[in-house]
Amino acid sequence: MNIIDSKKIWLSSPHMGGTEQKFVKEAFDTNWVAPLGPNVNGFEKDIQAYLHKNVHVAALSSGTASLHLGLKLLGVTVGDEVLCQSMTFAASANPIVYLGAKPVFIDSERSTWNICPKQLEIAIKDKISKGKKPKAIIAVHLYGMPYNIEAIHQISEKYKIPILEDSAEALGSSYQGIKCGTFGDIAILSFNGNKIITTSGGGALVSKKQEHKEKAIFWATQSRDQAPHYEHSEVGYNYRMSNIIAGIGRGQMEVLEDHVNKRRSNFEFYKKNLQGFLEINFLEEPIGYVSNRWLTCIETTSYELREKIRLSLAEENIESRPLWKPMHQQAVFADCDAYLNGVSDDLFDRGLCLPSGSNLEEEDLHRIVSVIKNVLR
Ligand SMILES: *Cc1c(COP(=O)(O)O)cnc(C)c1O
């Protein structure tokens, strides 16, 4: 096929359900064009109802803003150290630096590609022995696969270090029937353009404590104290979600389950068509884990083969991407401590994310698979 006449296939593109504009129109019609209003409240309620009856949700301007306020709620401040999964998007780690604290990176385990319990405990013991107990743990459900909830939370409880659960990629995933986004002392979600549902840009902070929600909203709306005039006793942020954006979110919540099912069926399609090739491996769900399969990722047998597949797809106008480059390899974090076992370096070398949108068509999937098969034959 020729790149000029073949349709571009994206890694993960926005997929509107149909009712989003109805909610946005309502916002216009009632003149709720502001960072508050019925859509913001309604979106928060929808997410709460979806996740768990006992959680409280604050809709914010992004997942990154939610991480920033989440760490602040956990008391992270200047000079602290925060343990953070190394294999993730930079947005997991950047807010640590916003607060004047320092990230300490933890490598991944093979079975989930997420934060390794062994390395985590080694890091905690080492830091405590040096007189510097870490202030928080950021654990990520990468590509929608839940992290090792049981082991990581056991360590958190043993050492009394709270968890900030980065569920940006895992809305719709679950562990033992319990939804991701409800495990951490605080959790965050993202509704960026490439996520499983999108508001074009946006995020949410989730907590079992009502006070967390209230404080997050207080900070997110410039920390205005009770007074007829503008009175401030704390530094504030402009992080609240707009009522227009939240309208998109309400529409998207209606199709979330469909998106999860479609992304999971993309994974099944790739697996069915490619599992006969020994050069390709898929990350399976351990027992009790359900991934939303936000992105289907493959592990190839070498860096060279991964690149050959990636470049062949690009030639056919198909977007694919290597797995997240671990934070301990990033120049911006070169001076941070890291507790490593080689897993994330290896995955970064050999792993590839395949197009995984919920709007992919059957013929798109066939096109992608046929390019990969041609490389392998
Ligand atoms: C997308 C993402 C974020 C950041 O969310 P934004 O809404 O884009 O700010 C954080 N962590 C992970 C793992 C992500 O994938």
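This is a short talk on one predicted model, going from its ligand site to its aromatic rings and then to a few single residues.

Hi everyone, thanks for coming. Please keep in mind throughout that we are looking at a prediction.

Let's start with the ligand. How many residues surround the ligand? There are 16 of them, and the closest are Thr 64, Glu 169, Ser 190, Asn 192 and Lys 195. If you sort that shell by class, you get five nonpolar, eight polar and three charged residues. Which element gives the largest share of the shell? That would be helix α3, residues 63–73, with three residues.

Now for the polar atoms, which I suspect many of you will want to look at. A ligand nitrogen sits 2.7 Å from an N or O atom in the side chain of Asp 166. On the oxygen side, one ligand oxygen is 2.6 Å from a side-chain N or O atom of Glu 169. For Ser 190, too, there is an oxygen atom of the ligand at 2.7 Å from an N or O atom of the side chain. And how much of the ligand does the protein cover? On its own the ligand has 380 Å² of accessible area, and the protein covers 96% of that.

Let's move on to the rings. The model has ten aromatic pairs. One that I'd like to show you is Phe 267 with Phe 282, an edge-to-face pair with 5.6 Å from centre to centre and 85° between the planes. What does this pair tie together? Phe 267 belongs to helix α9, residues 256–274, and Phe 282 to strand β10, residues 280–282, so the contact links parts that are 15 residues apart in sequence. Are these two rings buried or exposed? Both Phe 267 and Phe 282 are buried.

Phe 267 has another partner as well. Arg 293 lies over the face of that ring, at 3.4 Å from the ring centre. So if you rotate the view to Phe 267, look for Phe 282 as its aromatic partner and for Arg 293 over its face. Elsewhere, the charged end of Lys 72 sits over the ring of Trp 219, 4.7 Å from the centre of that ring.

There is also an aromatic cluster to point out. Which residues form it? They are Phe 89, Trp 113, Tyr 143, Trp 294 and Trp 324.

Next, two side chains that make polar contacts with the backbone. Thr 199 is in the loop between β8, residues 186–190, and β9, residues 203–207. Its relative accessible area is 0%, so Thr 199 is buried. What does the side chain of Thr 199 reach? It reaches the backbone oxygen of Gly 201, at 2.8 Å.

The other one is Gln 252, in helix α8, residues 243–253. With 1% relative accessibility, Gln 252 is buried, because the cut-off for that label is under 20%. A polar atom of the Gln 252 side chain lies 2.8 Å from the backbone nitrogen of Thr 198.

Now a quick word on backbone angles, for anyone who likes to check phi. Gln 222 and Ser 223 both lie in the loop between α7 and α8. Gln 222 has a phi near 70°, which is positive although the residue is not a glycine. Ser 223 is not a glycine either, and its phi is positive too, at about 50°. How do they stand on accessibility? Gln 222 is partly exposed at 37%, whereas Ser 223 is buried at 0%.

Finally, two distances across the model, both taken C-alpha to C-alpha. Leu 305 is part of helix α10, residues 303–315, and counts as buried at 13% relative accessibility. How far apart are Leu 305 and Arg 224? They are 56 Å apart in space and 81 residues apart in sequence.

Ser 6 comes from the segment before α1, which spans 20–29. Ser 6 is buried, with a relative accessible area of 4%. From Ser 6 to Leu 99 there are 46 Å in space and 93 residues in sequence.

That's the tour. If you open the model afterwards, I'd begin with the ligand and Glu 169, at 2.6 Å, and then turn to the edge-to-face pair of Phe 267 and Phe 282. Thanks for listening!

Key: Residues numbered from 1 in each chain as written. Predicted model: local features only at pLDDT ≥ 70, side-chain atom pairs only at ≥ 80, totals over all residues. Heavy atoms only, no water. Phe/Tyr/Trp six-rings, centres within 6.5 Å; stacked < 30°, edge-to-face > 60°. Helix = DSSP H or I, 4+ residues; strand = E, 2+ residues; numbered from the N terminus. Buried < 20%, exposed > 50% of the residue type's maximum accessible area, 1.4 Å probe, protein only. Lys NZ or Arg CZ within 6 Å of the ring centre and 35° of its normal. Near = heavy atom within 4 Å. Polar contact = N/O pair within 3.5 Å; in protein donor to acceptor, adjacent residues only side chain to side chain. Areas by Shrake-Rupley, 256 points an atom, 1.4 Å probe, with all protein chains shown as cover. Nonpolar A, V, L, I, M, F, W, Y, C, P; charged D, E, K, R; others polar.
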